[in-house]
Amino acid sequence: MISPGEYEFGTTKKETMTVISGALTVLLPGMEEWMTYGAGESFDVAGQASFKAKADIDTAYLCTYQ
């Protein structure tokens, strides 16, 4: 779970992030627009990458690695 704020995450392997509760707004590698994902939604991040994330409320998420 993350608290409200702005973050930058790095990956070593390809991962899928699924929002469990709350909402996460992310700027993925190679993208110019921020996207918001709510509960039950997922997005993929390539391995060896970094991305920015913002949460306005407490947000829980699950990472699975491939």
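## Exercises on a predicted model

The side chain of Thr59 has a polar atom 2.9 Å from the backbone oxygen of Ile57. That is a polar contact (N or O atoms within 3.5 Å; within protein, one must be able to donate a hydrogen and the other to accept it, and residues adjacent in sequence count only if both atoms are side-chain atoms).

Before we start, a word on conventions. This is a predicted model, in which local features need pLDDT of at least 70 and side-chain atom pairs count only at pLDDT 80 or more, while totals for chains, interfaces and linings use all residues. Residues are numbered from 1 along each chain as its sequence is written, and side-chain values use heavy atoms, with hydrogens and water left out.

### Exercise 1: Thr59 and its loop

Task: Find where Thr59 sits, and decide whether Thr59 is buried or exposed.

Solution.

Step 1. Thr59 belongs to the loop that connects strand S6 (50-55) with strand S7 (60-65). Strands here are DSSP runs of E with at least two residues, numbered from the N terminus.

Step 2. Its relative accessible area is 0%, so Thr59 is buried. The classes are buried under 20% relative accessible area, exposed over 50% and partly exposed in between, with a 1.4 Å probe and protein chains only.

Step 3. Now list the contacts (heavy atoms within 4.5 Å). Neighbours within four places in sequence aside, Thr59 is in contact with Met1, Ile2, Val19, Ser21, Gly22, Ala23 and Leu24.

Step 4. Compare Asp56, which also lies in the loop between S6 and S7. Asp56 counts as exposed because its relative accessibility is 71%. The C-alpha atoms of Asp56 and Ile2 are 9.9 Å apart in space, with their positions 54 residues apart in sequence.

### Exercise 2: Two open sheets

Task: Work out the strand order and the edge strands of the sheet of three strands, then do likewise for the sheet of four.

Solution.

Step 1. Three strands, in the order S5-S2-S7, make an open sheet with antiparallel pairing. Its edge strands, each pairing on one side only, are strand S5 (42-45) and S7. From one strand to the next, the twist averages 25°, an angle between lines fitted to C-alpha atoms, taken from 0 to 180 degrees between N-to-C directions.

Step 2. Look at one pairing inside this sheet. Strand S2 (residues 15-21) and S5 run antiparallel and are joined by four bridges; two strands pair if DSSP finds at least two bridges between them. Met17 has Phe43 as its bridge partner in S5.

Step 3. The open sheet of four strands has the order S1-S6-S3-S4, and its pairing is antiparallel. Strand S1 (5-10) and strand S4 (35-38) are the edges, each pairing on one side only. Here the twist averages 30° from one strand to the next.

Step 4. S1 and S6 run antiparallel, joined by six bridges, and Tyr7 finds its bridge partner Ala53 in S6. S3 and S6 are also antiparallel, over three bridges, with Lys54 in S6 as the bridge partner of Thr25.

### Exercise 3: The nonpolar core

Task: Which element gives the most residues to the largest nonpolar core?

Solution.

Step 1. A nonpolar core is a set of buried Ala, Val, Leu, Ile, Met, Phe, Trp, Tyr and Cys residues joined through side-chain atoms within 4.5 Å. The largest has 13 residues, and Leu24, Val26, Leu28, Tyr37, Phe43, Val45 and Phe51 have the most contacts inside it.

Step 2. S2, strand S3 (23-27), S5 and S6 each give two or more residues to this core. S6 gives the most, with three.

Step 3. Turn to the two faces of S6: Phe51, Ala53 and Ala55 are on the covered face, and Ser50, Lys52 and Lys54 on the uncovered one.

### Exercise 4: Aromatic pairs

Task: How are the rings of Tyr7 and Phe9 arranged, stacked or edge-to-face?

Solution.

Step 1. The structure holds five aromatic pairs. Rings of Phe, Tyr and Trp (its six-membered ring) pair if their centres lie within 6.5 Å; planes under 30 degrees apart count as stacked, over 60 as edge-to-face and the rest as tilted.

Step 2. Tyr7 and Phe9 are stacked, because their planes are at 15°, with ring centres 6.0 Å apart. Phe43 and Phe51 are edge-to-face, at 6.1 Å centre to centre and 80° between the planes.

Step 3. Add accessibility. Tyr7 is partly exposed at 28% and Phe9 is partly exposed at 22%, whereas Phe43 is buried at 4% and Phe51 is buried at 2%.

Step 4. Finally, ring pairs join Tyr7, Phe9, Tyr37, Phe43, Phe51 and Tyr61 into a cluster.
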